[in-house]
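Notebook open, model loaded. I want to go from the overall fold down to the metal site and jot things as I look them up.

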Amino acid sequence: MKIEILGTRGEIPASAPRYRNHSGVLVDGKILFDLGEAKFLRRKSKNIFITHLHPDHAVFVRNPMALSDVHVYAPEQSRSPFITIAKPVTIGACRVRPIPTHHSSKVKSCAYLIESGQKRVLYTGDIVWMDKKYRSRLGRLDCVVTEASYVREGGLVRRDKTGRLYGHAGIPNIIRMFESHTNKFILTHFGSWFFKDVKGSHKRIAALGEKYGVKLIVAHDGMTFTM
Ligand SMILES: [Zn+2]
Ligand SMILES: [Zn+2]
């Protein structure tokens, strides 16, 4: 499985050259996860899986655009005719399974489990929590591609009127959420903390990896991995 991280910037102003694009992950050169930038459409993906309808993951929320000739899957409907994804979808040798997550009080969100051959990768999008009943079925993962909006313990977590959590988990929380499934995390969707001192942030992430005994990879726009 080939993974190309197209964009690594969270919903903040651009400040560093290698982290300019909003979210996008291209798998095997043809399946796109999140459309944070309209230019990602140039990659000619026929199938786009959106984790949630925030503009840094679904640019058409901010700038409506024609998405003809493309299957767009999302956890809920928007103005454009999307396919509401609830069941796994098979594209060639790849199977894509949506897994509900908690992130926003206003939009639905999901992670995607991507399986191809023996390889299994989870892309979380933005996440504050994934219910245990879903995590218990994840099995062994080759890696988790996840967000790095907050490095601090606890991230930014709030509760709505009904007591449901929303916001972003911190990197330590995400590690603990998935460490029984993998020891490899590819970090993307960096928040403002990262850009205050990019070199220092790399060191901070390396120290966290050592603390938890996991491999934390700091992605940048255009970084590729072969699993
Ligand atoms: Zn985001
Ligand atoms: Zn979001």
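For the surface entry, I take accessible area from the Shrake-Rupley method with a 1.4 Å probe. On that basis the protein chain exposes about 10,700 Å², and carbon and sulfur atoms supply 51% of that area. Reminder to self: this is a predicted model.

Overall fold. I get 4 helices and 16 strands for the protein chain. I put a box around the C-alpha atoms along the principal axes and read roughly 45 × 45 × 40 Å. Next I checked the radius of gyration: the protein chain has 16 Å, which agrees with the value near 17 Å for a compact globule of 227 residues. Of those 227 residues, 57% count as buried. I also looked at contacts with a separation of 6 or more, and 52% of them join residues 24 or more positions apart.

Helix 2. I went through residues 171–178 one at a time. Buried here are Ile171, Pro172, Asn173, Ile174, Ile175, Met177 and Phe178. That is 7 of the 8 residues, so I note helix 2 as largely enclosed by the rest of the structure.

Zinc ion (ligand 2). Which protein atoms hold this one? I find His52 (NE2), His54 (ND1), His103 (NE2) and Asp126 (OD), lying 2.1 to 2.3 Å from the zinc ion (ligand 2). Along the chain these donors follow the spacing H-x1-H-x48-H-x22-D. The 4 donor atoms subtend angles of 92 to 166° around the zinc ion (ligand 2), so I log the arrangement as irregular; a tetrahedral call would need all angles between 85 and 135 degrees.

The zinc ion (ligand 1) sits 3.5 Å from the zinc ion (ligand 2), with Asp126 coordinating both. I then placed two of the donors: His103 is in the loop between strand 8 (94–101) and strand 9 (109–116), and Asp126 is in the loop between strand 10 (119–123) and helix 1 (132–135), so the pair ties together parts 23 residues apart in sequence. Both come out buried, His103 at 4% relative accessible area and Asp126 at 3%.

His57. I followed Asp126 outward and landed here: the His57 side chain makes a polar contact with the Asp126 side chain at 3.0 Å. Another polar contact goes to the side chain of Asp34, at 2.8 Å. His57 lies in the loop between strand 4 (47–49) and strand 5 (71–74). Buried or exposed? His57 counts as buried, at 0% relative accessibility. Setting aside neighbours within four places in sequence, I list its contacts, among them Ser23, Leu35, Tyr123 and His189.

Key
Residues numbered from 1 in each chain as written. Chains lettered and ligands numbered in written order. Predicted model: local features only at pLDDT ≥ 70, side-chain atom pairs only at ≥ 80, totals over all residues. Heavy atoms only, no water. Donors = N, O, S within 2.8 Å, 3.2 Å for Na, K, Ca; no water. Tetrahedral: all angles 85-135°; square planar, octahedral: opposite > 155°, others 65-115°. Buried < 20%, exposed > 50% of the residue type's maximum accessible area, 1.4 Å probe, protein only. Rg over C-alpha atoms; globule rule 2.2 N^0.38 Å. Contact = heavy atoms within 4.5 Å. Polar contact = N/O pair within 3.5 Å; in protein donor to acceptor, adjacent residues only side chain to side chain.
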